[in-house]
Amino acid sequence: MGRWRQLCAAVLLELLVVARAAEQSVTQKESNRQVCSGMYSRKAWGGAVDPFILTKFIPPKDAIPEDQDPIVSLVVFEWQDRHLVGKPVPPPDNTIYICDPPSIDAGLCKEGQLGSFITADNATETSRSQIISLAVHLKNPDPITYEIKRTGYYCVGTFGYSDTDYSAVVVFRNAFGELPAAQIAKLPFYAAITIVYAFLGLGWGALYYLNRSDILAVQNYITAILVFLVIEMFITWLFYDYQNRHGLNTGAKVLLVVDAILSAARNSFSFFLLLIVCMGYGVVKHTLGKTMIYVRWLAITHFLFGVLYSVASLTVTPENAGPLVLLVVLPLAGTLTAFYIWTLNSLNLTLKDLTERKQTVKAAMYRKLWWCILSSIIVIFAFFFVNSWTFAGQGDEDFVPEHWGTRWFILDGWLNLVYFADVAFIAYVWRPTANNRRFAMSDEIAQDDDGFDLASRDSLTFDSEDLEANDSATPKPPAYDSVPSYNAPRSGGTDGARDVSPLPAPKPMKMAAMPRASLDGETMFALEDEAGSESDDDDRGRLVR
């Protein structure tokens, strides 16, 4: 009994040590017999230790009889050397992998290799990396260590030669730390994007401070999400850095849960902000009324379902996922669809309203936003199409081994870049300026095209012959005696200068420049001038004899 207690304690200690690294388990089940992972050499990323793969078999719970010696076949190889594992034979077997008595009789392996994997005769000379093939005795299994000399995709394969249940833990330990090799690139990525968000927030904060007396309500929401994004990206980087230093222990799991909650909050906040911006909040409408309450409730509901989905994805494995998972997925998909439909519909209504009121500058802002959303959708679909085409062009078994180092960017990295581009664009278009409130509260002067323009003056040209013809055809009024000239003699013998006006000649005056109310680089506002006009009812002059 004391021996078994010591053994259990040793196993628990080994599991605690294993939990600190990128570990995977292998069992006798066909789907769990082989595990693979990418590994970097020490020169690739640096580190304090040489990378290695540690395989530790756990003794069976039941005592093994003295007359039995169960054996498990083990092979460790790099993926590009997989053709060196096993030997081809005539059909129907095609390839033999395990060294057993019939294989020994056929000359495929030697008696000392009984229970191990068969390798090619020239495997040692032609393999790119070392190939280990062993027969592990479960009565007293020793840890098997495989040293990594070059970057590649390494696999550990097992097979129950004695047809007994077995389990083992495989630790993939890289030189840089305990983070899986496929995720190490996330450390510099999230560190860089955190710094970029910080600089974006500093630029926005400077404009916010300089124009703090003229801030719109929607700009306060943009300020909040920029601060939130800096915190959320920093927590994500902190999680990967902590896991790389200490493994996936309790502290790392707490950070993982916090990061999942922050990610759900970011998604909800982003959809909320995009929806109220598309509704024209702050620029076209000063308030949304009760609609704002509905939008907030939709965002809160989406956040709650997002948290439930994150918790389910962390606790439920794909093998154990059942129909109950739909209770979490379907509500989240429903709120997401509601955001999409509501956002696009609101943007179309806002553009239609601004176009009908001939608010060209504001309409141009929302038209840019429409193109931004459309471009993001096109980029996302194009990226998925390229990835699907790439995956279809590769063999299923070769895709992961050849792209394990870049899968993180396909699944996570590029989406963060698209999201950053959208946030930066909205922050630039809706940036604080010196005339925020004047721009939002004023309407642009409508420029109608129905009136007279310079291009229509050619249609007003008349022909002199046509005018004469019209004059001859039109009956003339009766003739009146012309007013005698001032130089002509008056009746009664009096001479006078009748061709000189008794009133002084009008002097040409320079027209005063009309004041124009406009904003440089923003818009033109309608400012009413209520200056009174002078009356022209008085007679301008009378002739007095």
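How many helices and strands are there in the protein chain? Colour by secondary structure and you'll find 14 helices and ten strands. Keep in mind as you click around that this is a predicted model.

**Whole chain first**

Stay zoomed out for a moment. The protein chain has 545 residues, and 35% of them count as buried. If you draw a contact map, look away from the diagonal: of the contacts with a separation of 6 or more, 75% are between residues 24 or more positions apart.

**Stop one: the open sheet**

Now select β2, β9, β4 and β7. These make up an open sheet of four strands, in the order β2-β9-β4-β7, and the pairing is antiparallel. Which strands sit at the edges? They are β2 (34–39) and β7 (132–137), each of which pairs on one side only. Turn the sheet around and compare strand directions: neighbours are turned by 15° against each other on average, direction ignored.

Next, hide the edge strands and keep residues 71–78, which are β4, and residues 152–160, which are β9. The two run antiparallel and are joined by seven bridges. For a landmark, click L74 in β4, then go across to T158, its bridge partner in β9.

**Stop two: β3 and its partners**

Select residues 52–58, strand β3. One partner to bring up is β8, residues 144–147, which pairs with β3 in the antiparallel sense over four bridges. Label F52 here, and its bridge partner in β8 turns out to be E147.

Then add β10, residues 167–173. This strand also runs antiparallel to β3, and seven bridges join the two. Click I53 this time: across in β10, the bridge partner is F172.

**Stop three: a helix pair**

Leave the strands and select residues 186–210 for α5, plus residues 217–246 for α6. How do two packed helices get described? By the angle between their axes and the distance between the axes. For this pair, the angle is about 160° and the axes are 9 Å apart. Since angles over 145 degrees count as roughly antiparallel, α5 and α6 are therefore roughly antiparallel to each other. Look along the line from one helix to the other and you can check the handedness: α5 passes α6 in a left-handed crossing.

Finally, show the side chains where α5 meets α6 and colour them by residue type. The residues of this contact divide into 17 nonpolar, six polar and two charged.

Methods: Residues numbered from 1 in each chain as written. Predicted model: local features only at pLDDT ≥ 70, side-chain atom pairs only at ≥ 80, totals over all residues. Heavy atoms only, no water. Axes fitted to C-alpha atoms, helices over the stretch in contact; angles between N-to-C directions. Parallel < 35°, antiparallel > 145°, perpendicular 65-115°, else oblique. Left-handed = near helix turned anticlockwise from the far one by under 90°. Nonpolar A, V, L, I, M, F, W, Y, C, P; charged D, E, K, R; others polar. Pairing = 2+ DSSP bridges. Buried < 20%, exposed > 50% of the residue type's maximum accessible area, 1.4 Å probe, protein only. Contact = heavy atoms within 4.5 Å.
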